[in-house]
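Biologist: Could you zoom in on one part of this model and talk me through it? I'd like the cut-offs along the way.

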Amino acid sequence: MIVAACALALAACAIPPKPARPVLRDEAPLAGVAVSVGAGTTEWPDPQWWKRYADPQLDRLVEQALAGAPSLDEAHKRLGSALAAVEVARAQGGLNSQANAQVQRLRLSENGLIPPQFLGFTWYNQGDLSLQFQYDFDFWGKTRAAVAAAVDEARAAEAERSAASLVLTSAVADTYFAWQADQAHLALANESIELLQRLRMLADKRVARGIDAPDLVHQADAQLAAARELQATYTGSAKIRLAALAGLLGVAPADLPKLEARALPSVDAALPGSVGLDLIARRPDIAASRWRVEAALRRVDEARAEFYPDISLGAMVGLQSLDLDKLLNAGSRMASIGPALHLPIFGRGQLKAGYHVSQAALDAAAAQYDAAVVDAARDVATQALTLAQVDARRNERNGQLAATRALERTATARVRQGLADDRSLLTAQAQVLEQRDALLALDAQALSAQIALTKALGGGYRLDDDALAASDAAGADFPIK
């Protein structure tokens, strides 16, 4: 006991002080950002947020993507490695046991301490059977800190897996609705081509009769070519979207399920009123950064505990005999038990370097956490303001569409009364199609911004507050002062 007390006093003289817990942001910097867009709900996204669009095709695509997409393989592997590290850390503490069995054929030296002529033999056999036990008391919490760090790292890997899933589901939804928008654009382009073809026929007749100059035909040809260019653009874009969807699902484009054109869903989103306070708990990337900080704290405790002496209790029971026939006899029994004390004295420089490395890792983890919070706030603000901007543009575009439809009704009435020919009506109808196409583009932008905002808000993720509290409590239990 006196030796242990002296060793502990000697070690305490060189133990670095316990570092202060880093001060982390507890609120995302979102002051001044409008918390309302439209008249929508202020609830946070649901974990299966894509189902709010009530689109069975999208549900199937997301389900297939989550089931077998290659983009999640790396996240799954990181989680598996982290869980294995937890088991390794747990196995290193507490009681360890080991069984040994050995049979040797040995020869005595003729010039050794006991010459063979006195024993009557030169060669002999020796058998050993033993069980060894060692218990590490872990008075200073090194093993507990290692286990807690491994658990926190596993939780960080799980949060990163959730972040990867969110990236995947939002990409699938965004690409799918972009394909639907291309289909709607393509339908409008086909209508526009049909109208312009009729205008081209009227222009050709008027030029043939000498009513109008040939320039009118050339103008109609240019408009028709522009409409066909748009048709080709949307046709090609739709194929590109399908290829992107196939990549997200990890299948060939030919293996994608058949998709049918559907109207784009309405967009009516809002920011939760508590977004600044709750965003930290709602983003999986922030949660992963927070768990990395907790793990780094535990690694500092582990590195600090290395300065203390290791105290363990070892025991051994077994059988040993020079005559293998007597190995299992009671007289071949052997046993030992005793404490062991390991005090690092000459390796202090290496311990200090390891401790400083753990402190630097903690500072880096805290800085990465703060950066993740700021980036998340910027992401939310950008998407919310983008959605608000697009929503304002949609309102104005709806006004333009209403005015164009009024002109179409006026042109229809004038044609029915014989006050104008079909050209004015076809021209008015073409203008309506242009406004509808422009409004459709804004609707698609709004839907894409809503999906991006959902992703920025965490997509239904929620940090396990109970687990975080338990991790904090585990850190408080380490008796290193």
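**One helix and its partners**

Modeller: Let's stay with helix H9, whose crossing with helix H7 is right-handed (the near helix is turned clockwise from the far one by less than a right angle). It's a predicted model, so local features need pLDDT of at least 70 and side-chain atom pairs 80 or more, while totals for chains, interfaces and linings use all residues. Numbering runs from 1 along each chain as its sequence is written, and side-chain values use heavy atoms, leaving out hydrogens and water.

H7 covers residues 275-282 and H9 residues 348-416 (helices are DSSP runs of H or I, at least four residues, numbered from the N terminus). Their axes come within 11 Å and cross at roughly 120°, so the two are oblique to each other (neither under 35, over 145, nor 65 to 115 degrees).

Further along H9, look at Arg-394, which is buried at 15% relative accessibility (buried is under 20%, exposed over 50%, partly exposed in between, with a 1.4 Å probe and protein chains only). Its side chain meets Asp-391 in a salt bridge at 3.5 Å, N to O (a Lys or Arg side-chain nitrogen within 4 Å of an Asp or Glu carboxyl oxygen). Both residues lie in H9, 3 residues apart, about one turn of the helix. Asp-391 is partly exposed at 23%.

Arg-394 also forms a salt bridge with Asp-443, at 3.0 Å. Asp-443 sits in helix H10 (residues 422-456), so this pair ties together parts 49 residues apart in sequence. Asp-443 is partly exposed too, at 24%.

Definitions and conventions
Axes are lines fitted to C-alpha atoms, for helices over the stretch in contact, and angles run from 0 to 180 degrees between N-to-C directions.
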